Amino acid sequence: MRVILCDVGPRDGLQNEPDVLAPAVRADLVNRLAATGLPRVEAASFVRDDRVPQMAGAEEVAAGIEDHEGTEFAGLVLNLKGYERLRETKLRRVNCTLAATESFNQRNGNMSLEEALTQATSIIGVSELPTTATVSVAFGCPFEGRVDPGRVARLCARLDADEIVLADTIGVATPTQVKRLVERVLSRRGDVGVHLHNTRNTGYANAVAALEAGATVLDASVGGLGGCPYAPKATGNIATEDLVYLLEGEGIGTGVDLDALIAVSEWLEGVLGRRLDGYVYRAGTWPPA
């Protein structure tokens with residue numbers, strides 16, 4: 001089974017933290033994650049500093065990234081201006097994102113759904129880099145409630161990206177819902193992935209359901225970092241180390257050094273000065289004798 005694990009901690013995780021980490025520290029996190037063998041790391045977001053100060057200095061982060069064989073570095077953009085910034089860096093994949101609902105697009109990007117779709121299709125159309133289109137609030141929106149799967153499928157059909165990632169931004173999806181939507185979107189195009197939050201403790205079951213449905217890309221965040229600024233009770237992403245443990249236990253090879261990944265999570269706990277949500281255990285203590 002081919003599975004691409006993408007750690008979004010340096011971007012989606014840190015953008016929800018109250019403290020702003022220096023670009024050099026964020027680049028260090030990216031390098032540490034890449035050294036574990038992760039096939040992809042989302043390193044930065046090319047957005048306005050005044051809107052997301054935690055992502056300021058994206059170019060500095062990219063400049064501090066070292067080459068790691070087997071790891072692809074991605075960046076997130078909302079518009080063509082962000083794409084132009086990204087393409088001048090060493091990042092090799094562009095992730096353009098839009099929301100499945102009108103309300104979330106207005107709050108997140110100050111655009112209508114149609115405007116956000118136009119931006120995404122424009123980026124995909126001109127990009128010289130591999131493209132991912134992430135559709136946020138694909139299962140539920142904090143403003144509009146449950147989202148019609150047919151509406152999401154029709155939106156995805158208008159996105160000619162190399163990959164489509166369906167995001168459960170506020171953590172409301174269940175395994176059957178994830179399985180059905182992945183299958184529906186797969187019937188229209190090629191590679192499909194999921195971006196899962198664990199607000200209601202369904203994130204890991206949803207990841208398994210997505211794989212069973214044919215998904216080939218799984219987003220996760222070191223230590224379970226993340227959340228949603230527009231949904232205060234939404235918790236972080238599924239933790240990369242917990243996801244690797246689950247997949248390896250199920251016989252799905254990831255190529256990731258789990259102990260090294262846990263060490264990154266422990267290091268990040270020291271940087272942030274708090275315990276992270278991932279189940280971090282000391283190397284060599286599991287399984288018990």
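Is C156 buried or exposed? In this predicted model, C156 has a relative accessibility of 3% and therefore counts as buried.

## Cysteines

A disulfide is a covalent bond between the sulfur atoms of two cysteines. The count of disulfides in this model comes to zero. C156 takes part in no disulfide, and its nearest cysteine sulfur, that of C96, lies 11 Å away. The cut-off for a disulfide is a pair of cysteine sulfur atoms within 2.5 Å, so C156 is left without a bonded partner.

C141 is likewise a buried residue, its relative accessible area being 4%. The burial of C156, at 3% relative accessibility, thus stands beside the absence of any disulfide in the count.

## Packing of helices α8 and α9

Two packed helices are described by the angle between their axes and the distance between the axes. For helix α8 (residues 175-186) and helix α9 (residues 203-213), the axes come within 8 Å and cross at roughly 30 degrees. Because angles under 35 degrees count as roughly parallel, α8 and α9 are roughly parallel to each other. Their crossing is right-handed.

On the α8 side, the residues that meet α9 are P175, V178, K179, V182, E183 and L186. The residues of α9 that they meet are A205, N206, A209, A210 and A213. By class, this contact of α8 with α9 comprises eight nonpolar residues, one polar and two charged.

## Packing of helices α10 and α11

Helix α10 (residues 240-249) packs against helix α11 (residues 258-272) at an angle of about 165 degrees, and the two axes are 9 Å apart. Since angles over 145 degrees count as roughly antiparallel, α10 is roughly antiparallel to α11. The crossing of α10 and α11 is left-handed. In α10 the contact is made by T240, E241, V244 and Y245, and in α11 by L258, L261, I262 and S265. The residues of this contact divide into five nonpolar, two polar and one charged.

## Surroundings of helix α10

The buried residues of α10 are T240, E241, D242, L243, V244 and L247. These buried residues pack against two strands, β1 (4-7) and β10 (217-220), and against the helices α9 and α11. Helix α9 therefore appears in two settings: in the contact with α8, and among the elements against which the buried residues of α10 pack.

After α10 comes G251, which has a positive phi near 85 degrees.

## Buried residues in strands β3 and β5

A74 lies in strand β3, which spans residues 72-77. With a relative accessibility of 2%, A74 counts as buried. Apart from neighbours within four places in sequence, A74 is in contact with V41, E42, A43, A44, L91 and R93. The C-alpha atoms of A74 and L129 are 9.8 Å apart in space, while the two residues are separated by 55 residues in sequence.

S136 belongs to strand β5, which spans residues 131-136. S136 is also buried, at a relative accessible area of 8%. When neighbours within four places in sequence are set aside, the contacts of S136 are L98, A99, A100, F104, A167 and T169.

Key. Residues are numbered from 1 along each chain as its sequence is written. This is a predicted model: local features need pLDDT of at least 70, side-chain atom pairs count only at pLDDT 80 or more; totals for chains, interfaces and linings use all residues. Side-chain values use heavy atoms; hydrogens and water are left out. Axes are lines fitted to C-alpha atoms, for helices over the stretch in contact, and angles run from 0 to 180 degrees between N-to-C directions. Helices (H or I, at least four residues) and strands (E, at least two) are DSSP runs, numbered from the N terminus. Angles under 35 degrees count as roughly parallel, over 145 as roughly antiparallel, 65 to 115 as roughly perpendicular and the rest as oblique. A crossing is left-handed if the near helix is turned anticlockwise from the far one by less than a right angle, and right-handed if clockwise. Contact means heavy atoms within 4.5 Å. Ala, Val, Leu, Ile, Met, Phe, Trp, Tyr, Cys and Pro count as nonpolar, Asp, Glu, Lys and Arg as charged, and the others, Gly among them, as polar. Buried means under 20% relative accessible area, exposed over 50%, partly exposed in between (1.4 Å probe, protein chains only).
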